[in-house]
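Work through the exercises below with the coordinates open. Each task is followed by its solution in steps.

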Amino acid sequence: MRDTRESRLLLVLLIAVAFALITVDIRGGDASPLNGPRNVAASVLGPVESGVSGLVNPVADTVHSVTDASAQHNRISALEQQNLQLKQQLNSSDLARGQSTELSRMLGAAGAGQYTVKAAQVVAIGAAQGFSWTVTIDIGSNDGIKRDMTVINGDGLVGRITTVGPTTSTVLLASDPGFSVGTRMEGSGEVGVATGEGTGPLRVELLSAQATVKAGDRMVTFGSQNDRPFVPGVPVGTVIKVENDPGQLTRTVLVRPFVNFTSLDLVGVVVQPPATDPRDAVLPPKPTSTPASKSANGKAH
């Protein structure tokens, strides 16, 4: 439309009419003569507005759902990652506590026996030499380790060093069938020789057929000349069975070792033997027996 005098007059007229209608509507309130046309417009445009809203809202909801699902997935992934990190930290903490406890127990045993030990960790288990029961530890000749040194842990005798490398060494376990060590019974001092039986108990041949021995008796290492390969006084195990072989020159007993050879972790290599034989000093205290129950007359039964 061209900007002419007629168009300007028309615009002014329309503005004046609009102001007049607004004034009439406001003053009329509920009785306004414009309510009828307004209701007609609402009835005509309302369905259109609802239809458009019905089309737009699902699209908006879908966009919001996709956005929320993505955010929720990211939150779940972050929580899972945090959970994994916490589990790893907990496992590391549990492992550190376990190793600290084992180290304390081993140092306690070494102190009781007056052994100077160098701590090591088992880094491999398996047949390093033929079919032997062996473990590999993470110290070697660079750490002063030599062949035929005694290996212990907090429970007792683990084995002896058989081969030595610069940074690792191989330990022949006391459970190996080719392993043997001199033993001495707690208290009586009866001497014998223990040999490994694989997964079974140790077999000990006591040199005296008349030796008094029973289940529950304990034994330690007898020791070797110049303390190699075995220092004296290291706990070996507990007698669980006495075999009766009449006419034999020796007496055979089966001994459950103190050490669990399938769960070795921290061990100690004895690099300095004790000045004197500790005899039974390294053995743990005997468990206290439960007093026998007594009847009403005071006699045990």
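Buried means under 20% relative accessible area, exposed means over 50%, and partly exposed lies in between (1.4 Å probe, protein chains only). The model is predicted: local features need pLDDT of at least 70, side-chain atom pairs count only at pLDDT 80 or more, and totals for chains, interfaces and linings use all residues. Residues are numbered from 1 along each chain as its sequence is written, and side-chain values use heavy atoms, without hydrogens and water.

**Exercise 1.** Classify the two partners of the salt bridge between aspartate 277 and arginine 184 as buried, partly exposed or exposed.

Step 1. A salt bridge requires a side-chain nitrogen of Lys or Arg within 4 Å of a carboxyl oxygen of Asp or Glu. Here the closest N and O atoms are 3.3 Å apart. The partners are 93 residues apart, with arginine 184 in strand E6 and aspartate 277 in the segment after strand E12; strands are DSSP runs of E with at least two residues, numbered from the N terminus.

Step 2. Arginine 184 has a relative accessible area of 5%, so arginine 184 is buried. Aspartate 277 reaches 35% and is therefore partly exposed.

**Exercise 2.** Do the same for the salt bridge of arginine 160 and aspartate 148.

Step 1. The N to O distance is 3.2 Å. Arginine 160 belongs to strand E4, and aspartate 148 to the loop between strand E2 and E3.

Step 2. Arginine 160 counts as buried because its relative accessibility is 18%. Aspartate 148, at 22%, counts as partly exposed.

**Exercise 3.** How many salt bridges does a search of the whole structure find?

The search finds eight.

Definitions and conventions
Helix = DSSP H or I, 4+ residues; strand = E, 2+ residues; numbered from the N terminus.
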